[in-house]
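Visitor: I am new to this structure and would like a close look at a single part of it, the salt bridges. Could you take me through them slowly, and then set them within the rest of the chain?

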Amino acid sequence: MNKAPMDMQGLLIEELSVEGYEKVLKVSNPEAGLTGIICIHNTVLGPALGGIRLYPYPTFEAALTDVKRLARGMTHKSAVAGMGLGGGKSVIIADSKKKTKELLAAFAEAVNLLEGVYTCAEDVGISPSDINWIAKHTPYVVGVEHEKSSGNPSPFTAWGVFRGIQATLRQIYGSDSVEGREIVVQGLGNVGGCLAELLFWHGAKLTVSDIDWDKTLKVATKLGSTACPAEDVLSISCDILAPCAMGGILNAQTIANLSCKGVAGSANNQLLNDADGDLLREKGILYAPDFVINAGGLINVAQELEVEGYHPTKGRHLVDKIYDQLIHVYELAEKNQISTSQAAISLAEYRVKYEIGKRGASPVYHHALKNG
Ligand code: NAI
């Protein structure tokens with residue numbers, strides 16, 4: 001592939017020793033304004049894939065804590081979804097207003113040095129056009145715009161959450177129909193907005209809520225649903241609460257006020273602490289572990305790496321399996337009398353330990369072949 005010219009001299013790589021992680025690199029290029037971390041948690045099942053988060057972390061330690069948590073989460077997500085991929089993530093410590101082409105190119109060169117052990121993708125603070133630019137400097141990236149690209153991941157994430165809600169309803173009521181079920185969607189962005197539409201068309205009794213009240217009213221009017229102020233959404237009595245906004249919303253304080261039968265949404269890191277999974281279990285609330293139910297976007301984009309290239313029908317078919325994966329997690333939790341989040345983590349760790357779902361063929365970077 002053709003790489004745009006890049007002065008490599010300024011790139012500094014420092015390997016940090018972090019227990020439980022395969023490789024953690026501090027990458028910097030003072031000239032390009034780059035300070036970042038590439039964190040590879042585990043590559044037993046395949047090369048690591050995970051997004052780049054660009055965020056103005058207050059300290060390097062805060063960035064390291066975040067990237068470690070995110071990379072481990074990717075190992076779990078890929079293992080349960082059976083993607084033949086490992087877990088990794090990267091962060092760039094910067095204000096999005098100071099994001100420059102030089103900074104992104106310098107970061108891409110650092111990714112390049114890992115020779116495919118880590119493949120990067122979009123995350124908070126990184127746009128599709130940033131990904132296209134990064135792809136000019138490294139082939140190890142997915143989500144690049146080209147004729148066989150997987151495109152926007154959110155509709156696939158939303159479809160996976162919809163199937164996860166069905167599985168959760170089946171576990172609670174013995175029927176997976178959403179028709180007439182009271183479902184609350186918190187956060188009406190890319191995923192939540194799409195999920196609300198799917199639920200509408202399948203006959204759910206919807207309540208919608210976003211911190212942006214205009215957006216809440218707009219969606220509520222369009223879908224004939226109830227609009228709920230952001231501050232009240234967690235205590236509404238309903239069948240399913242679908243958190244599709246931010247993480248950490250399930251904690252000792254909020255769980256005490258929950259009045260739902262199940263929690264099944266897309267938000268990452270919904271539990272503030274691992275112990276919050278036990279609190280939900282004690283309260284009799286069935287929780288769909290976030291990294292299982294929200295894997296649709298990853299499952300879809302990962303198809304870009306297959307020899308045969310991306311195809312939306314295959315993406316949809318694989319995302320559909322989230323239903324069965326969740327049922328399996330629920331059965332494990334019941335059998336072992338543990339929380340569903342603990343069951344999902346144990347399942348992921350078991351699959352890594354016994355190399356279940358390990359990648360056979362090497363990933364193919366079709367966009368790089370095309371440009372080469
Ligand atoms: P988004 O940024 O498009 O939408 C988030 C929405 O939540 C916005 O409308 C925002 O106004 C709203 N919001 C923020 N704080 C809120 C609050 N306190 N109460 C109610 N609403 C609030 O994000 P997107 O892409 O829809 O993602 C939603 C969640 O799902 C995030 O946690 C994300 O990490 C996670 N996720 C998304 C995936 C994707 O494919 N987009 C894949 C996997 C996870």
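Guide: A residue is called buried when its relative accessible area is under 20%, exposed when that value is over 50%, and partly exposed in between. With those words in hand, we can turn to a pair in this predicted model whose members, D66 and R53, are both buried. Their side chains meet in a salt bridge, with a distance of 3.7 Å from N to O. D66 belongs to helix 1, which covers residues 60-81, while R53 belongs to strand 4, which covers residues 48-55, and although 13 residues separate the two along the sequence, the pair links these distant parts of the chain. The pair is also part of something wider, since R53, D66, R69, K89 and D123 are linked in a network of salt bridges.

As a general matter, side chains of opposite charge can pair when their charged atoms come close. The structure holds 12 salt bridges, and another of them joins D320 to R163, where the closest N and O atoms are 2.9 Å apart. Here the two partners lie 157 residues apart, with D320 in helix 11 (residues 312-320) and R163 in helix 4 (residues 154-173), so that this pair, too, links distant parts of the chain. Its partners differ in their cover: D320 has a relative accessible area of 25% and is therefore partly exposed, whereas R163, at 18% relative accessibility, counts as buried.

A further salt bridge is formed by E355 and K358, whose closest N and O atoms are 3.6 Å apart. E355 is partly exposed, because its relative accessible area is 41%, and K358, at 45% relative accessibility, counts as partly exposed as well. In the numbering around this pair there is also a nonpolar patch on the surface, formed by Y350, Y354 and I356, which together have about 320 Å² of accessible area. Of these, Y350 sits in helix 13, which runs over residues 340-353, and its relative accessibility of 48% makes it partly exposed. Helix 13 also contains Q342, whose C-alpha atom is separated by 8.5 Å from that of D278, 64 residues away along the chain.

To set these pairs within the whole, it helps to know that the protein chain has 14 helices and 12 strands. Its radius of gyration is 20 Å, close to the 21 Å that the globule rule gives for 372 residues, so the chain is as compact as a globular protein of that length. Buried residues make up 56% of those 372 residues. Among contacts between residues at least 6 apart in sequence, 64% join residues at least 24 apart.

Beside the charged pairs there are nonpolar cores, and the largest has 95 residues, among which I38, I52, I92, Y118, I165, L195 and L199 touch the most other members. Helix 2, residues 101-113, gives the most to this core, with eight residues. Leaving aside residues up to four places away in sequence, I165 touches several residues, including V178, I183, L195, L199 and I240. A second, separate core has 16 residues, with L241, L258, L280 and I285 among them.

How values were computed: Residues are numbered from 1 along each chain as its sequence is written. This is a predicted model: local features need pLDDT of at least 70, side-chain atom pairs count only at pLDDT 80 or more; totals for chains, interfaces and linings use all residues. Side-chain values use heavy atoms; hydrogens and water are left out. Patches are made of residues with over 30% relative accessible area and no salt bridge: like charges are joined within 9 Å, nonpolar side chains (Val, Leu, Ile, Met, Phe, Trp, Tyr) within 5 Å. Accessible areas come from the Shrake-Rupley method with a 1.4 Å probe; for residues, only the protein chains shown count as cover. A salt bridge is a side-chain nitrogen of Lys or Arg within 4 Å of a carboxyl oxygen of Asp or Glu. Helices (H or I, at least four residues) and strands (E, at least two) are DSSP runs, numbered from the N terminus. Buried means under 20% relative accessible area, exposed over 50%, partly exposed in between (1.4 Å probe, protein chains only). A nonpolar core is a set of buried Ala, Val, Leu, Ile, Met, Phe, Trp, Tyr and Cys residues joined through side-chain atoms within 4.5 Å. Contact means heavy atoms within 4.5 Å. The radius of gyration is taken over C-alpha atoms; the globule rule is 2.2 Å times the number of residues to the power 0.38.
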